[in-house]
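I opened a fresh page for this structure. My plan was to look up its empty spaces, then its ring pairs.

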Amino acid sequence: MTERALRLGTRRSKLAMAQSGQVAETVSQLTGRPVELVEITTYGDTSREQLAQIGGTGVFVTALRDALLAGEVDFAVHSLKDLPTAQPDDLALAAVPLREDPRDVLIARDGLTFPELPSGARVGTGSPRRMAQLNAYARSHGLAIETVPIRGNIDTRIGFVHKGELDAVVLAAAGLHRVGRIDEVTDFLSVDTVLPAPGQGALAIECAASNASLTAALAELDDPYTRAAVTAERSLLAALEAGCSAPVGALADLLADGQIVKEMRLRGVVGATDGSTLVQLSTTGPVPETHDQAMALGRELAAEMLAKGAAGLMGERAL
């Protein structure tokens, strides 16, 4: 008798289905069991409000977690940046697979790069973090841009450019890779210009903490370096007491000497959404070997940022 299929809870969006489909395939190969996708609609999918208004954190996650706890699905796949920073005791973050490209990208009309945008260019993004950094970059380079708040899936956002309503939109590279549209990018924004959201480009695979055998099986998908990096980034975010509606960017990357990974560098930024003020700092230390060490890296950098005035910027909400 064959074992019953594992049920993977996923949001219904094209991107969520693409990333969950990729995970389902890998889990099926690992466990030898079929995996079926169970589509779940979340509050963030149905609400038409700006994310900054509805609280951002958890709006895409709660319904999936409820389904896990109710036993309606066996495991769930989230975009890690959507997860609230506190992990519930009854759910295990079983795996953080190898991260996709964490950068933000520009899709602009006429193949334009960010520095080539005309004066007064309208650039769409729903993210206060992106607004703060794009506006700061524009100010420091004598560019005049207008950031325009938008929502919607990848198709909707790119459509604003094709229809001529906006000159450009900013999206995450990872999502475009996963839906096969990375060739539409006109500019990859360097992390020196725009730091991504904490955890951007990474996936989180969750299951009930009580399901030890499934937790162990899913752990095979875990990438320890990615997990250490996103743990440090999210620890920074938590210590800044910010939901994802606050303009916080963070990226931890590994500094290697040839093939040998020596250190981890964590960079963080908080900014006023108009780009008038940014607090941007970085710290470098040994690659964290434990969860607690990764958490400490984030907390230490957050403390330095708060000392430099980050707290005064945290109240900034776009829109």
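**Entry: the cavity lining.** I am working from a predicted model. I listed the residues around the largest cavity. Thr10, Arg11, Ala16, Gln19, Ser20 and Phe60 are in the lining, along with Val61, Leu64, Val77, His78, Ser79 and Asp82. I then asked which elements give two or more residues to this lining. They are β1 (6-11), α1 (14-31) and β3 (75-79). I sorted the lining by class as well: five residues are nonpolar, five are polar and two are charged.

**Entry: cavity count and volume.** I searched the whole structure for cavities of 30 Å³ or more and found one. The largest cavity holds about 60 Å³ of space.

**Entry: Thr10.** I picked one residue of the cavity lining, Thr10, for a closer look. I found Thr10 in strand β1. Is Thr10 buried or exposed? Its relative accessibility is 0%, so I noted Thr10 as buried. Next I checked its side chain. A polar atom there lies 3.4 Å from the backbone oxygen of Ala16. I also looked up what Thr10 touches, leaving out residues up to four places away in sequence. The contacts are Ala16, Met17, Ser20, Leu37, Val38, Glu39, Ile40 and Leu64. Ala16, Ser20 and Leu64 are also listed in the lining of the largest cavity.

**Entry: the second largest pocket.** I moved on to the pockets. The second largest pocket has about 270 Å³ of space. It is lined by 14 residues, and those closest to its centre are Thr85, Gln87, Leu93, Arg234 and His291. I checked which elements supply at least two lining residues, and noted β4 (91-95), α8 (224-239) and α9 (291-307). Which element gives the most to this lining? The answer is α8, with six residues. By class, I wrote down seven nonpolar, five polar and two charged residues for this pocket.

**Entry: aromatic rings.** I searched the whole structure for aromatic pairs and found one. The partners are Phe114 and Tyr137, with ring centres 5.1 Å apart. Why is the pair called tilted? The planes stand at 40 degrees, and tilted covers pairs that are neither under 30 degrees nor over 60. I then placed both partners. Phe114 sits in the loop between β5 (104-108) and β6 (121-124), while Tyr137 belongs to helix α4 (residues 128-140). The pair therefore ties together parts that are 23 residues apart in sequence. Last, I looked up burial. Phe114 is buried, at 2% relative accessible area. Tyr137 is buried too, at 18%, because the cut-off for buried is under 20%.

Note on methods: Residues numbered from 1 in each chain as written. Predicted model: local features only at pLDDT ≥ 70, side-chain atom pairs only at ≥ 80, totals over all residues. Heavy atoms only, no water. 1 Å grid on protein atoms, 1.4 Å probe; cavity = no way out; pocket = protein on both sides within 12 Å on 5 of 7 lines; lining within 4 Å. Points joined across faces, edges and corners; volume = space filled by probe spheres on them. Helix = DSSP H or I, 4+ residues; strand = E, 2+ residues; numbered from the N terminus. Nonpolar A, V, L, I, M, F, W, Y, C, P; charged D, E, K, R; others polar. Phe/Tyr/Trp six-rings, centres within 6.5 Å; stacked < 30°, edge-to-face > 60°. Buried < 20%, exposed > 50% of the residue type's maximum accessible area, 1.4 Å probe, protein only. Polar contact = N/O pair within 3.5 Å; in protein donor to acceptor, adjacent residues only side chain to side chain. Contact = heavy atoms within 4.5 Å.
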